[in-house]
Amino acid sequence: SNPPKTNPSRFTWMRRTALRRLTTTPRVRKVAVIGAGTLGQQVSFQAALSGFDVALLDTTEKRLTTAKQAHERFARLFVERGEKVRAWRVPAESSLSPQAALQRISYTTDVDEACGDSDLLSENVPEVPAVKTTVYAELHAAAPSHCIFTTNSSTLLPSDFAAATGRPERFLALHFANPIFDGNIGEVMGHASTDEAVFEQVVQFARDIHMVPIRIEKEQNGYICNSLLVPWLNSALWLVTSGVASPHDVDRTWMITMGAPKGPMQVIDVIGLETVRNVFAHWGEVMRDDAAGKQMLANAAFLDAKLEAGCAGIKTGDPSSDTAKGMYDYPGPAFMKDDFLG
């Protein structure tokens, strides 16, 4: 028998209907960013820089103070090298003011204060399913019904948490690379119940904050970016944990042979060892019967030991001034030395 025929006009009608509904959807004015870690700091600054009022929510004043210091550092960086940063190169008529951005950001530990009048929120909490589920229930109770919930999860699926949000049709992923200023993509990924008009509104929001929207047409753990990145990091770290090579030699090999500016160990430091550890621990358990899963569990254990020793990775994004430890010691890590590549 002949295969069933598709009706292209039906999909055109669906898209046009979504776009018509988009025009009646409340415009995003206030953004709540949940989690003041590395990416929460960047997302909140970029949204404020793009003209949105932003509330940054975290559990402690200490973390919020750290985020505020990061925002002040981003503002200085904008003045120093704004024209060289992809997300900050905009047409002259769309002038960006880092000082105005700082004035648009509020900092709070109160979920009602952060979310009570928000139109869109970006969830940036640790990559631990139980934590995200609990947080979504609290956010749903505080946010207005029209508020769009987005997750910046690295590798987990929106459908894993759709029910917990209490608004599955207004929930989807908006995933950012790290750092978002140079790697300015916004991967937009819905799930089976995501409203098409909401999807389109998030695509537009990504553009509005000077990201390049990347439409993910079906749910995929890791989107495009991390589907490529995570296996690479897993293989690289496995070479270290299995005793094949030192972290430095893994990076040297990659940088010399591929002509790359960074090796995988440097990338782990930029992402943060805790985030990478959480990804490996979760997916290692899911795939524990496969070779890749066993590698991930061994790598997670290795990173646990590093974290217990105080090695969390770079915090400021500037290897010449950061005083942290990770796969390298900062400031002045080995990869910055003239003889690192021989």
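This is a short talk on ring pairs, a buried serine, salt bridges and a pocket in one protein model.

A word before we start. The model is predicted. Please keep that in mind throughout.

Let's begin with the aromatic rings. How many aromatic pairs does the structure hold? The count is 14. I will show you two of them.

Take Phe 45 and Phe 74. This aromatic pair is edge-to-face. The ring centres are 5.6 Å apart, and the planes meet at 65°. Where do the partners sit in the chain? Phe 45 belongs to helix H2, residues 38-49. Phe 74 belongs to helix H3, residues 61-81. In sequence they are 29 residues apart, so the pair links distant parts of the chain. Both Phe 45 and Phe 74 are buried.

Now the second pair, Tyr 136 and Phe 149. Is this one stacked or edge-to-face? The planes are at 25°, and stacking requires an angle under 30 degrees. The pair is therefore stacked. The centres of the two rings lie 6.5 Å apart. Tyr 136 is in helix H6, which covers residues 129-142. Phe 149 is in strand S5, residues 148-151. The pair therefore ties together parts that are 13 residues apart in sequence. What about exposure? Tyr 136 has a relative accessibility of 0%, so Tyr 136 counts as buried. Phe 149 also comes out at 0%, and Phe 149 is buried.

Back to Phe 45 and Phe 74 for a moment. They belong to a cluster held together by ring pairs. The other members are Phe 78, Trp 88 and Phe 181.

Next, a single residue: Ser 118. Look in the loop between helix H5, 111-115, and strand S4, 120-123. That is where you will find Ser 118. Is Ser 118 buried or exposed? Its relative accessibility is 0%, and the limit for buried is under 20%, so Ser 118 counts as buried. What does its side chain reach? The backbone oxygen of Cys 115, at 2.9 Å. Now leave out residues up to four places away in sequence. Ser 118 still touches Lys 30 and Ala 32. Ser 118 also touches Ala 143, Pro 144, His 146 and Cys 147.

On to charges. The structure holds 10 salt bridges. I have picked three.

First up, Lys 132 and Glu 123. The closest N and O atoms of this salt bridge are 2.4 Å apart. Lys 132 has a relative accessible area of 1%, so Lys 132 is buried. Glu 123 is at 0% and counts as buried too.

Then there is Asp 304 with Arg 277. Here the closest N and O atoms are 2.8 Å apart. Asp 304 is in helix H13, residues 291-308. Arg 277 is in helix H12, residues 273-286. They are 27 residues apart, and the pair links distant parts of the chain. Asp 304 has a relative accessible area of 27%, which makes Asp 304 partly exposed. Arg 277, at 24%, is partly exposed as well.

The last of my three joins Glu 285 and Arg 288. Their side chains meet in a salt bridge of 2.6 Å, N to O. Glu 285 counts as partly exposed, at 45% relative accessibility. Arg 288 also counts as partly exposed, at 39%.

One more point on charges. Which residues do shared salt-bridge partners join into one network? They are Glu 123, Glu 127 and Lys 132.

While helix H13 is in view, find Ala 301 there. At 46% relative accessibility, Ala 301 counts as partly exposed. Thr 241 is 60 residues away from Ala 301 in sequence. In space, the two are 9.3 Å apart, C-alpha to C-alpha.

Finally, a pocket. I mean the second largest pocket, with a volume of about 270 Å³. Its lining has 14 residues. Which of them lie nearest the centre? Gly 190, Glu 196, Phe 199, Ile 216 and Glu 217. Helix H8, 196-208, and strand S8, 212-216, are the elements that give two or more residues to this lining. The largest share, 3 residues, comes from H8.

That is the tour. Questions, please.

How values were computed: Residues numbered from 1 in each chain as written. Predicted model: local features only at pLDDT ≥ 70, side-chain atom pairs only at ≥ 80, totals over all residues. Heavy atoms only, no water. Phe/Tyr/Trp six-rings, centres within 6.5 Å; stacked < 30°, edge-to-face > 60°. Helix = DSSP H or I, 4+ residues; strand = E, 2+ residues; numbered from the N terminus. Buried < 20%, exposed > 50% of the residue type's maximum accessible area, 1.4 Å probe, protein only. Polar contact = N/O pair within 3.5 Å; in protein donor to acceptor, adjacent residues only side chain to side chain. Contact = heavy atoms within 4.5 Å. Salt bridge = Lys/Arg side-chain N within 4 Å of Asp/Glu carboxyl O. 1 Å grid on protein atoms, 1.4 Å probe; cavity = no way out; pocket = protein on both sides within 12 Å on 5 of 7 lines; lining within 4 Å. Points joined across faces, edges and corners; volume = space filled by probe spheres on them.
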